[in-house]
Amino acid sequence: MRCAVKWRPAFGLKALMVLTAVDMLIALVVRLQALRDFIAGDRDWLHLLAVSGLAVIVLAVLAMWATWREVRSLWVRISDADGRLDAVAVTSHDWHWQATPDLVATYCSPATADMIGYEPHELVGRTWLDLLHPDDVRPARRLLEECHRTGIGWNDVDLRWRHRNGGIVLLQESGVPVLDAEGSIVGFRGSRRVAREDAAARRELAAARRRVKAVLSEGALDVAFQPIVDLTRGAWTGVEALSRFRDGRSPDVWFAEAEAVGLGPELELLALESALTARRELPRHISVSINASPALIVTPAFTSTVSGHVLASGGLVIEVTEHAQVTNYEAVNDALRPLRDRGLRVAVDDTGAGYASFSHVLRLRPDVIKIDRSLLTRVHLDAARRSLVTAIVLLALELDATVVAEGVEDVDELRAVVDLGCDFVQGYYLARPDTSADVWRGWADTDWSARVDAVAVAAPV
């Protein structure tokens with residue numbers, strides 16, 4: 001299927017040569033008549049000039065014949081090459097295209113119907129930018145501007161196209177500029193193909209990198225605190241700092257993306273710095289627990305950031321999540337040791353739900369063990385869960401560590417963790433995480449003992 005009208009010189013050139021031939025035939029008749037008059041004795045200068053023109057006509061005929069043969073040969077070569085190009089375009093699964101300097105389509109191969117649902121003739125005369133995903137229009141414009149500036153094409157660029165049915169198709173394309181005799185760009189040509197899965201993955205990683213870098217450059221991260229309550233005294237003694245992102249996606253998604261693009265420690269460091277800044281809104285005696293991965297802990301940036309805060313009061317707790325696999329415990333302990341000597345406390349977060357379980361606890365020797373929510377769900381009804389919680393409490397006693405029950409959501413779970421000997425509690429039953437400093441300050445006036453003491457008294461011993 002031909003998708004654009006291609007100019008062919010055959011008709012115009014043939015018409016010109018026919019008209020020229022008729023003109024030469026008329027001139028030849030006139031000159032032959034002049035030759036006969038010249039032979040008959042009429043030898044004025046006009047007849048002499050007409051007779052001499054016969055030689056010019058002969059030379060012109062020979063030149064036209066040679067030109068015609070050359071043109072015919074050129075047409076054959078062009079037709080043959082054009083036929084091969086058409087054959088490639090019709091049989092190829094790639095989308096072959098040509099466009100004007102501002103990317104208005106002048107030719108499309110039939111593959112467009114399969115790729116984006118449009119027949120080729122529906123695309124000719126339209127600009128490619130109208131068919132791109134809105135987020136890819138700007139990158140495409142920059143690509144075009146760069147090509148106009150350098151005169152160099154592009155290879156294997158992934159762009160999202162809008163399918164006729166409303167879906168999005170990721171296509172990988174290459175293109176080169178078409179230059180005129182003076183070297184100016186008069187158009188572009190190239191090909192597109194459906195991007196492979198690995199190309200789509202690369203594109204998604206690139207988008208994730210842009211998102212994370214934007215958060216890092218703008219500091220676009222909020223801090224939510226959730227209170228931690230002492231079960232023995234019924235008093236608010238600490239908070240856990242939790243990151244909140246302004247697009248509404250969960251922190252797990254954000255940190256996983258940052259890790260995937262090699263920016264995990266940088267995003268964690270931003271969360272750490274933001275939490276330490278927000279800490280100024282809390283009473284001085286309230287401790288702050290902040291999550292940190294082993295990868296962040298061993299960096300100089302972590303040490304310098306934490307060292308800038310007063311640690312002697314024990315008011316800062318670094319939670320090493322059990323979901324993070326530790327490949328070098330010695331390096332982590334070496335990085336934490338001087339800070340712990342100055343008063344930093346270390347907690348193992350998510351105990352019972354991650355990689356190494358009790359081995360993780362034994363190697364880090366934490367000051368605080370936080371029991372994962374998964375072990376506390378309906379713990380009052382599950383003897384096996386109660387046995388695991390009891391084992392963690394006994395291990396904490398041996399390590400001289402305290403135990404925090406995370407994610408307690410109702411009074412039955414609270415009564416169970418009191419019964420099982422946990423020291424502190426944190427969860428929705430007491431308060432949800434909040435980003436408001438007014439709410440944080442209000443926790444100082446909350447009667448936590450009204451909930452905790454009543455349960456503790458009612459709990460069996």
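**Exercise 1. In which helix does Val30 lie?** Then place Val30 in its surface patch.

*Solution.*
Step 1. Val30 belongs to helix α1, residues 10–39. The model is predicted.
Step 2. Val30 joins Val18, Val22 and Ile26 in a nonpolar surface patch.
Step 3. Together these residues expose about 350 Å² of accessible area.
Step 4. Set this against a general trend. In soluble globular proteins, nonpolar side chains tend to be buried together.

**Exercise 2. Find which parts of the chain the salt bridge between Glu257 and Arg211 ties together.**

*Solution.*
Step 1. Check the contact. The N to O distance between the two side chains is 2.6 Å. The cut-off for a salt bridge is 4 Å, so the pair qualifies.
Step 2. Locate the partners. Glu257 sits in helix α7 (residues 251–260), and Arg211 in helix α6 (residues 197–218). The bridge therefore ties together parts 46 residues apart in sequence.
Step 3. Assign burial. Glu257 has 13% relative accessibility and counts as buried, because buried means under 20%. Arg211, at 27%, is partly exposed.

**Exercise 3. Are Glu240 and Lys370 buried or exposed?** Work out what their pairing links.

*Solution.*
Step 1. The closest N and O atoms of Glu240 and Lys370 are 3.1 Å apart, and the two form a salt bridge.
Step 2. Glu240 lies in strand β7 (residues 235–245) and Lys370 in strand β11 (residues 368–371). The pair links distant parts of the chain, 130 residues apart.
Step 3. Glu240 is buried at 4% relative accessibility. Lys370 is buried too, at 1%.
Step 4. Turn to shared partners. Salt bridges join Arg211, Asp247, Arg249 and Glu257 into one network.

**Exercise 4. Assign burial to each partner of the Arg233 and Asp230 salt bridge.**

*Solution.*
Step 1. The side chains of Arg233 and Asp230 meet at 3.2 Å, N to O.
Step 2. Arg233 is exposed, with 54% relative accessibility.
Step 3. Asp230 is buried, with 9%.
Step 4. Add the overall count: the model has 21 salt bridges.

**Exercise 5. Which residues of the largest nonpolar core touch the most other members?**

*Solution.*
Step 1. The largest core holds 75 residues.
Step 2. Phe225, Ile290, Ile297, Phe302 and Cys422 touch the most other members.
Step 3. Helix α8 (residues 264–278) gives the most to this core, contributing 8 residues.
Step 4. A second core is separate and has 26 residues, among them Ala99, Tyr118, Leu129 and Val137.

Notes
Residues are numbered from 1 along each chain as its sequence is written. This is a predicted model: local features need pLDDT of at least 70, side-chain atom pairs count only at pLDDT 80 or more; totals for chains, interfaces and linings use all residues. Side-chain values use heavy atoms; hydrogens and water are left out. Patches are made of residues with over 30% relative accessible area and no salt bridge: like charges are joined within 9 Å, nonpolar side chains (Val, Leu, Ile, Met, Phe, Trp, Tyr) within 5 Å. Accessible areas come from the Shrake-Rupley method with a 1.4 Å probe; for residues, only the protein chains shown count as cover. Helices (H or I, at least four residues) and strands (E, at least two) are DSSP runs, numbered from the N terminus. Buried means under 20% relative accessible area, exposed over 50%, partly exposed in between (1.4 Å probe, protein chains only). A nonpolar core is a set of buried Ala, Val, Leu, Ile, Met, Phe, Trp, Tyr and Cys residues joined through side-chain atoms within 4.5 Å.
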